[in-house]
Amino acid sequence: MNPSIENKVIAITGASSGIGEAIARHLAAQGAKVVLGARRIDKLEAIAADIQSAGGEAAFTTLDVTQLDSMTAFVQVALNTFGKLDVLVNNAGVMPLSYLNNYKVNEWHQMVDVNIKGVLHGIAAALPVFERNSSGQFVNITSVGDRWVGPTSVVYSATKFAVRALTDGLRQEAGPGIRVTLVAPGATESELAESISDPVLKKQAIELFRSTTLSANAIARAVAFAVSQPDDVDVNELVVRPITQKNF
Ligand code: NDP
């Protein structure tokens, strides 16, 4: 338990695996009431059941971040179930890496829709709630790809550069009492490489992830650090890499 996190209502997008799941489990163990959203409802149900059987509080609902209505309903689940929303973690993301001249245009669109529009929908759904209360916090999960670009990660990095810009702009525009945090993970254990459709790139990514990854808990602890600060402390940016990740 952490008295600075206890009883906060924290909604997490993409909570069905990887980093989102770790954030949900870690914050719930610190006493937060967590609301889990993603498309794979069976996974969310199992994670919420685990949290509840460990004595925590969790709700879950199906969520497609590419749809504004779905995001608005997700925020409403937090309000209906727990009476308030303190933190929205915009974590859902996809990373189908490919070379530009493979023209996987549908995958470019998917990255824009989930990684950028998903975060914008989170802002549209939660900012009115936070502004009404003059209180609240966004935690946007980007990537070290929000400041680095290399072959095959061009579109993915572009989406994360965009979210970094959005996050800093949101920080400046958001009303009093609203905090905005960006957490940029390096290579982290998760299912992210599964979204790569090119078999060679997928194998390379999985090998890289196996050789040099953080546990998703390391990112969850970074989120907990930002959330647990006193209300007048706005942790704006945390970049968390495995110690062995030097070149990107
Ligand atoms: P995972 O693939 O394990 O998790 C991605 C999550 O996003 C899943 O819960 C998935 O749930 C959800 N998601 C995907 N599309 C949608 C959608 N349309 N609506 C709602 N949820 C969706 O990967 P990670 O945990 O690694 O990814 C989490 C975040 O961390 C991403 O933003 C990623 O870019 C970022 N990141 C990850 C790094 C890593 O090395 N793992 C490094 C840097 C950043 P479902 O399929 O059930 O909808």
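**Exercise 1.** Find which of the 31 residues around the ligand come nearest.

*Solution.* A residue counts as near when one of its heavy atoms lies within 4 Å of the molecule. Ile-19, Arg-39, Asn-91, Tyr-156 and Ser-190 come nearest. This is a predicted model, in which local features need pLDDT of at least 70 and side-chain atom pairs pLDDT 80 or more, while totals for chains, interfaces and linings use all residues. Residues are numbered from 1 along each chain as its sequence is written, and side-chain values use heavy atoms, without hydrogens and water.

**Exercise 2.** Describe polar atoms that face oxygen atoms of the ligand, and state how much of the ligand the protein covers.

*Solution.* Take pairs of N or O atoms within 3.5 Å.
- Arg-40 places a polar side-chain atom 2.8 Å from a ligand oxygen.
- Asn-91 has a polar backbone atom 2.8 Å from a ligand oxygen.
- For Gly-186, a polar backbone atom is 3.5 Å from a ligand oxygen.

Alone, the ligand has 880 Å² of accessible area (Shrake-Rupley method, 1.4 Å probe). The protein covers 95% of this area.

**Exercise 3.** Identify the residues that touch the most other members of the largest nonpolar core, and the helix that gives the most to this core.

*Solution.* A nonpolar core joins buried Ala, Val, Leu, Ile, Met, Phe, Trp, Tyr and Cys residues through side-chain atoms within 4.5 Å; buried means under 20% relative accessible area (1.4 Å probe, protein chains only). The core has 41 residues, and Val-35, Leu-85 and Phe-138 touch the most other members. Elements that each supply at least two residues include β1 (9-13), α3 (68-82) and α4 (105-133). Helices are DSSP runs (H or I) of at least four residues and strands (E) of at least two, numbered from the N terminus. With nine residues, α4 gives the most.

Key: Buried < 20%, exposed > 50% of the residue type's maximum accessible area, 1.4 Å probe, protein only. Polar contact = N/O pair within 3.5 Å; in protein donor to acceptor, adjacent residues only side chain to side chain.
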